[in-house]
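Visitor: I'm new to this one. Could you walk me through how to read it?

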Amino acid sequence: MRETLVLNASFEPLSTVTSRRAVVLVMQEKAVVEHAHPGLRIRAASVEVPVPQVIRLSRYVRVPFRRRAPWSRRGVLVRDQHRCAYCGRRATTVDHVVPRSHGGGDTWLNTVASCAEDNHRKADRTPEQAGMRLLRRPFEPTPAEAMLSALGVSVREELPGWASPAA
């Protein structure tokens with residue numbers, strides 16, 4: 001299922017939802033399509049709707065300020081683009097740089113995506129103790145970076161046309 005970016009009425013990013021949920025919001029006139037996937041449409045008996053990539057809510061929703069992106073295993077895998085931090089192959093697990101048994105926690109700066117083989121090889125040790133090195137250091141994404149990463153857009157790369165300031 002594709003992910004759709006939800007913007008507030010003021011064009012601020014709020015969250016991501018499934019394409020199905022986005023279509024429901026558009027059909028209920030709670031949101032409008034700002035950008036659709038080119039060539040993709042959802043068809044029903046009497047309706048044909050473009051598959052939304054970005055929707056904007058019709059009414060402004062007040063949201064409390066969020067300073068930090070919430071940590072999650074899925075978020076770490078998405079942040080690291082499903083690439084192992086030790087060898088660069090496809091990652092399916094999350095590894096704690098400082099193991100939990102040594103006081104390491106579930107934080108953005110202590111977790112990296114890892115392939116199962118390297119995660120098992122490192123085991124209950126730090127990378128230095130295991131003789132392994134990180135290809136890239138973990139970082140804490142901003143809430144906006146985490147949201148765009150979930151959509152498959154890297155903030156460190158060029159933004160697509162619909163998200164650029166000139167649009």
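**Charged pairs and a sheet**

Guide: Let's start with one residue: Glu117 is exposed, because its relative accessible area is 53%, and exposed means over 50%. Keep in mind that this is a predicted model.

Visitor: Which side chain does Glu117 meet in a salt bridge?

Guide: The general idea is that side chains of opposite charge can pair when their charged atoms come close. Here, Glu117 meets the side chain of Arg89, at 3.7 Å from N to O. Glu117 sits in helix H3 (residues 116-122), while Arg89 is in the loop between helix H2 (73-79) and strand E5 (93-96), so the pair ties together parts that are 28 residues apart in sequence. As for Arg89, its relative accessibility is 42%, so it counts as partly exposed.

Visitor: How many salt bridges does the count come to?

Guide: The count comes to eight. One of the pairs is Asp80 with Arg79, whose closest N and O atoms are 2.8 Å apart.

Visitor: Are Asp80 and Arg79 buried or exposed?

Guide: Both Asp80 and Arg79 are buried.

Visitor: Which residues are joined into one network by salt bridges that share partners?

Guide: That network is made of Arg41, Arg43 and Glu48. Within it, the side chains of Glu48 and Arg41 form a salt bridge at 2.5 Å, N to O. Glu48 has 42% relative accessibility, so it is partly exposed. Arg41 is partly exposed too, with a relative accessible area of 40%.

Visitor: Now the sheet. What is the order of its four strands?

Guide: In general, strands of a sheet pair through backbone hydrogen bonds, either parallel or antiparallel. In this model the order is E2-E1-E4-E3, in an open sheet with mixed pairing. The edges are strand E2 (13-18) and strand E3 (31-43), each of which pairs on one side only. From one strand to the next, the twist averages 35°.

Visitor: In which sense do E3 and E4 pair, and over how many bridges?

Guide: E3 and strand E4 (residues 48-57) pair in the antiparallel sense, over eight bridges. If you'd like a spot to look at, find Ala36, which stands opposite Pro52 in E4.

Visitor: And which strands does helix H1 lie across?

Guide: Helix H1 (residues 19-27) lies across strand E1 (3-7), along with E2, E3 and E4. To picture how it is set, compare its direction with E4: H1 runs at about 85° to that strand.

Notes. Residues numbered from 1 in each chain as written. Predicted model: local features only at pLDDT ≥ 70, side-chain atom pairs only at ≥ 80, totals over all residues. Heavy atoms only, no water. Pairing = 2+ DSSP bridges. Helix = DSSP H or I, 4+ residues; strand = E, 2+ residues; numbered from the N terminus. Axes fitted to C-alpha atoms, helices over the stretch in contact; angles between N-to-C directions. Contact = heavy atoms within 4.5 Å. Salt bridge = Lys/Arg side-chain N within 4 Å of Asp/Glu carboxyl O. Buried < 20%, exposed > 50% of the residue type's maximum accessible area, 1.4 Å probe, protein only.
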